[in-house]
Amino acid sequence: MRTLTKILVLVLSLTLFCCGGNDKKEDVSYGKKEPAKTVSKVPASQRVELSNKGAGSITKVDLPLVVDDELAAHGKEVYDKMCTACHKAEKKFIGPSPKGILERRSPEWVMNMILNPEKMVKEDQLARDLLMEFNGSPMANQNLTQEEARAVLEYFRTL
Amino acid sequence: MNKIGKYVLGIAALIFMTNCGNNNSNSNSGAMSSSKAEKVYVAPGEHDEYYAFFSGGYSGNITVAGLPSGRMLKEIPVFSQFPTSGYGYSEETKAMLNTSFGFVPWGDAHHPDISQTNGELDGRWIFINENNTPRIARVSLATFETEEIIELPNSAGNHASSFVTENTEYIVAGTRFAVPNPQRDMPISDMKGEFKGPLSFVSIAENGRMNLEFQLNMPGFNYDLAHPGRNKSHGWFFFTSYNTEEANTLMEVNASQNDKDYVAAVNWKKIVDYVKNGGGKKAPGTYAHNVYDDKTHMATSTMKEGVTMVDPREVEGAVFYIPIPKSPHGCDVDPSGQFIIGSGKLSTDLSVYDFDKMITAIENKDFVDDSYGIPVLSYENTLAGVVTQPGLGPLHTEFDGQGNAYTTFFISSEVVKWSLETFEVLDRQPTFYSVGHLMIPGGNSRKPFGKYLVAMNKITKDRYLPTGPELEHSAQLYDISGDKMELLSDFPTHGEPHYAAGIRADVIKDKSKKYYELSENEHPYAAKSEAEAKVTRNGNEVHINMTTIRSHFAPDNIEGIKVGDKVYFHITNLEQDFDVPHGFSIIGANTSEILVMPGQTKSIVWEPKREGVWPFYCTDFCSALHQEMQGYVRVSGKNSNVPLKYTLDE
């Protein structure tokens, strides 16, 4: 009879094992889960992440040593039209001021944020933290061309 | 032990199989793949294969549905005010509803038709006619917005409309109610011979602009439906007419006395040449021509005077009548252009005319009669054949491009499939109930997409949950890809769809506009950045050039407005992304809200009647901070000295 019991246990566990895969039962751990990352106490806007290139199509930007004035002037034009409803150089407004942005962010990160804010918020932790810091106000995608975004970046260097 | 062991193992195997077999349902789906449910199921996030544009009838608008799902995608305002977007309420769009009778807030939309190139649907525009105040509208299939409306003078009941020739050269508009032309004060009973039924020909320019080229001053019968010739019969237009009795009272009896009425066959190319060579007479006729510009985001209305009137008897070989059994409705041309199908709605047979025979009869002057000087061709000698006893009350026919025709029968509530080769009935399916028109995407063009058929039923009754005495009209989707038609689903449509037009989605979906370029906005009161936002006063007229972006207005605090002012809010949406409109409304405005698309400017007027501080807000949920998207206007007494001031975050 012991053998029978053993076989029965085997049968039952086999059944459970087989069907368990479909139920995808996980260990219950309500209230126990820890976030994978420890939250930085520094506000996202003050954090320095110069090696973070963000998520998006821009993977490499070479900044010339000297600011390209012509490009920056074009960038200012685009910025004034498309960005000033939310960003002001002299103060924090709906979004952060772009002043000194390149001391904290890589040029690639800045361009990716301009060109594809939806993807950034999904895939980049810093962009996500910024969204929360700025009251959940989403960065609008103003559909700038890559050239326009590059010009805006150049303008930021002059602020 | 061994025995028991084997026994237990056997049970184990059984449990294993049954338990896990149930969870593994994929293997069974093959047998279900042809189910009706799967044929109309469009999975979440997937797109329908076809767009279907339904006329709204007395809603005055067009509703857009996807096929095969029947999901409603949009209502496009055309002839009726539409508070959802502010169409006909906003300062920019009021002019679209201007007519020679003044502002008309409503229309009766009937027959949509999609523009064509070489007889195939090209997806540039959809046209639709208005029956009550005769008009034709052109709707862009890039923006799904009404871009142009032209009124038709001297016409009444614009029903035989708005059908497009195969290179979108012309659309037509026939008069359903014979009227004096020109209109004048006369006894109704003197109608006979005095009333007319003008047929209007409107040309379409390369950019879509419509122009009323001429009117053909036909005898005063009621012109009901029309279709242009295709392929070999391109250059001709065919109209059904009823009330050849010219009765003016108790029409349901008195207009059904004659055994036969007429199909009017019109060689429009001949008449176009005649008019180009100076033919026709200038006749009176006042009509509004309204055009919407998507750069200024504004409509303008121009009142025009005079029309070229052509007497059909004066253009040799251009206009003929063909007898058709009793009170016809549909007049449909097959994709080859060879056959013209006349549906005598009080007859039990379908008359199929042969274009070649008609031409031969004309050449041989094989006339049996004349009607007010217009030659009447012989019925027998123009006939290709008759589809005998297919049903009761034939109304309308379309084609699948595979040699078959599909006709609706109102009285016997069915769709009947028949062969264009043998004129034999191949299949019949009931409709629920009392079908009017049907639509096969592309079914009135040279190249139908012969996969689905939609029947538009006039009576709904028990098909849906009851919703009081009024029910939305029911449409029914049939799969026509096989030998037999298969009813797949019912779905409700808005208003009363008299007709619909369908097109494969891929012809238009990639050209659909996602937002308006801010840099191309030429609205005179646009504020294209917050720096351009301002408030200006001119006497008691105040203009507020305001911007929106997620999620604030600029300015959002305004002071110095006075009771008795006329305040124009001009809202420019600074967003440059797909599907991010902002709305605007303010307490006490005697108009609707406006929904402003990205890059667009729209305006409403507000005339504050009471002192106070009055809020305005965004009506369209735009972001997590939408609820915060609001502002205040301070309204002071008529003679107050509060200075004009506008701010944001100060």
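What follows is a short walk through chain A of this structure, and then through two nonpolar cores.

Before anything else, please keep in mind that we are looking at a predicted model. For chain A the mean pLDDT is 84, and 75% of its residues reach 70 or more. There is one stretch to treat with caution, residues 14–26 of chain A, where pLDDT stays under 50 and for which the model has 13 contacts beyond four places in sequence.

Let me turn to the overall make-up of chain A. You will find six helices and zero strands in it, so to speak of its pattern along the sequence is to say α-α-α-α-α-α. Of the 159 residues in chain A, 28% count as buried. If we take the contacts in chain A with a separation of 6 or more, residues 24 or more positions apart account for 79% of them.

Now to a single helix, α3 of chain A, which covers residues 107–115. How many of its nine residues are buried? Eight of the nine are, and α3(A) is therefore largely enclosed by the rest of the structure. The buried ones are Pro107(A), Trp109(A), Val110(A), Met111(A), Asn112(A), Met113(A), Ile114(A) and Leu115(A). As for what covers these buried residues, it includes α4 (117–123), α5 (125–133) and α6 of chain A.

That last helix, α6(A), residues 146–156, also packs with α2(A), residues 69–82, at an angle of about 105° and with the axes 7 Å apart. An angle from 65 to 115 degrees counts as roughly perpendicular, and α2(A) and α6(A) are therefore roughly perpendicular to each other. On the α2(A) side the contact is made by Leu71(A), Ala72(A), His74(A), Gly75(A), Lys76(A), Val78(A) and Tyr79(A), and these meet Glu148(A), Ala151(A), Val152(A), Leu153(A), Glu154(A) and Tyr155(A) in α6(A). Sorted by character, the residues of this contact divide into eight nonpolar, two polar and three charged.

Finally, the cores. In soluble globular proteins, nonpolar side chains tend to be buried together. Here the largest nonpolar core has 123 residues, and those with the most contacts inside it are Phe239(B), Leu453(B) and Val454(B). Leaving aside residues up to four places away in sequence, Phe239(B) touches Ala160(B), Gly174(B), Leu199(B), Tyr223(B), Ala226(B), Val263(B), Ala264(B), Val266(B) and Cys331(B). Apart from that core lies another, of 61 residues, and among its members are Cys86(A), Leu115(A), Ala127(A) and Ile604(B). Leu115(A) is a residue we have already met, as one of the buried residues of α3(A).

Conventions. Residues numbered from 1 in each chain as written. Chains lettered and ligands numbered in written order. Predicted model: local features only at pLDDT ≥ 70, side-chain atom pairs only at ≥ 80, totals over all residues. Core = buried A, V, L, I, M, F, W, Y, C linked by C-beta atoms within 7 Å. Buried ≥ 20, exposed ≤ 12 C-beta atoms within 10 Å, placed from the backbone. Contact = placed C-beta atoms within 7 Å. Axes fitted to C-alpha atoms, helices over the stretch in contact; angles between N-to-C directions. Helix = DSSP H or I, 4+ residues; strand = E, 2+ residues; numbered from the N terminus. Parallel < 35°, antiparallel > 145°, perpendicular 65-115°, else oblique. Nonpolar A, V, L, I, M, F, W, Y, C, P; charged D, E, K, R; others polar. pLDDT = per-residue confidence, 0-100.
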